[in-house]
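Please report on the model shown here. Cover its cavities, one sheet and one loop residue.

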Amino acid sequence: MDTTARRPIVDLTDAEARLKLPLKWGVPEGVIPAWVAEMDYAVDPVVLEAVQRMLADGITGYPIFGWDVDLAESYAGWSERHFGWAPEPAAVHPVVDVTAGVRVAIDVLSGPGGVVFPTPGYNAQHGLAQVTGREELLLELPTSAERAEIDLDRLDRLFAAGAQTLLLTQPHNPWGRVFSRAELEGIRDVVVRHGARVVSDEIHAPLVLPGAEHVSYLSVEGTHDHAVAVVAASKAFNTAGLRCAQLVVPDTAARKRLADQPMSRNDSYSPLGVTAARAAYDHGDGWLASLVERLDQQRTLLGELLATHLPEVRMRPLEATYLAWLDASAYGHDDAAAVALQRGRVMVSSCTSFAPGTTGQVRLNVATSPGRLTEIVERLAGAWR
């Protein structure tokens, strides 16, 4: 197979999706799932073949512990091709997944002060600060704004009051925002002024849509001494269950601190995940190009469907990811997700898991077929209107 050629995106049937995506599709018959961040598409055949070949060869033992030169070089090459910037391979280290990588980075590298967490924020990382023995300090993004922006004055005050780490998700989930270089420079200036740290979750970087450009926080001048990024191929290539992400640590002193940790601090990433990640980084460009094109089409389709069926729903610009943040509060339902499930038989993610105390908003996964997305919006219209 020519691994450089464009490869089509193959939609899973309902039966195939129930088999292949047991979490997302573990819903009652008749319910369409549009919640957890998995795509209703078949895995890139190049990635699948790499994993199948490994299993056929009986390679099921432990992965290499610690730095993996092949994985590190694969990611560095990928980053250079896609983002015009690459860490040195020595900076790239395997971890179980992105959330585990964030936890390891905070545990080992951050001071004891609080962790600033912008909200709405990725629901799996709510409470992560407490898990590491630190206070979680919420930095609320204004729900009325057309674009989510980090309030630098508020961030400055939180650091002045004792916070020591910013957990930055960029591209942002659930807002779908891509932060500009100027915005990241503004964050850097506040962080440096207070001697704080940044842990940048960049798992959605491969899924930036046309019209926007991903800038890694680590590509911004003056960040290497206080920041790490956590990256993965798993979100873009639908391989989350294979369990492998990468922690990018440009500072040599920080790398030594991580290397000196007990094995139990960072183990259990999978050799299958390493193989899948390398295949995606080395040979997945053609499939990813097709995926981004499909997601761009789904973004356009969603806008058209909302204009037709739910004109009072506000959708902020979707610049990256396949997760749209919808404000349906105009239709008068505090728990719009519950109404969607009960009346429309559609499962979306409730705003309360991303921003406790908020109402009327949901996160909608658009990574499905055009026909299924059309039915989802039609059902939501029947439920909410």
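The report below takes the cavities first, then a sheet, then a single leucine.

## Model status

This is a predicted model. Residue numbers start from 1 along each chain as its sequence is written.

## Largest cavity

Rolling a probe the size of a water molecule over the atoms shows where empty space is left. The structure holds 3 cavities of 30 Å³ or more. The largest of them encloses about 80 Å³ of space. Its lining comprises 13 residues, and Y75, W78, A205, P206 and A232 are the closest to the centre.

Helix α3, spanning residues 69–83, gives the most to this lining, with 3 residues. By class, the lining of the largest cavity splits into 11 nonpolar residues, 1 polar and 1 charged.

## Second largest cavity

The second largest cavity holds about 40 Å³ of space. Its lining includes A37 and E38. It also includes S234, K235, N238, T239 and A240. Y322 completes the list.

What is the chemical make-up of the lining of the second largest cavity? It divides into 3 nonpolar, 3 polar and 2 charged residues. Among the residues named above, E38 and K235 line this cavity, and Glu and Lys count as charged.

## An open sheet

One open sheet has 4 strands in the order β9-β10-β13-β12. The pairing is antiparallel. Which strands form the edges? They are β9 (314–315) and β12 (349–350), and each pairs on one side only.

Strands β10 and β13 pair with each other. β10 covers residues 323–327, and β13 covers residues 361–365. Their antiparallel pairing runs over 5 bridges. Within it, A324 stands opposite L364 in β13.

## L141 in its loop

L141 sits in the loop between strand β4 (136–140) and helix α6 (152–160). Is L141 buried or exposed? L141 counts as buried because its relative accessibility is 4%, and the cut-off for buried is under 20%.

Its contacts, leaving out residues up to four places away in sequence, begin with T119 and P120. L141 also touches A148, E149 and I150. H172 and W175 are further contacts of L141.

How many Å separate the C-alpha atoms of L141 and F237? The separation is 29 Å. Along the chain, L141 and F237 are 96 residues apart.

Key:
This is a predicted model: local features need pLDDT of at least 70, side-chain atom pairs count only at pLDDT 80 or more; totals for chains, interfaces and linings use all residues. Side-chain values use heavy atoms; hydrogens and water are left out. Two strands pair if DSSP finds at least two bridges between them. Helices (H or I, at least four residues) and strands (E, at least two) are DSSP runs, numbered from the N terminus. Buried means under 20% relative accessible area, exposed over 50%, partly exposed in between (1.4 Å probe, protein chains only). Contact means heavy atoms within 4.5 Å. On a 1 Å grid over the protein atoms alone, a cavity is a set of points where a 1.4 Å probe fits but cannot get out, and a pocket is an open set with protein on both sides within 12 Å along at least five of seven lines; lining residues have an atom within 4 Å of a point. Grid points are joined across faces, edges and corners, and a volume is the space filled by probe spheres set on the points.
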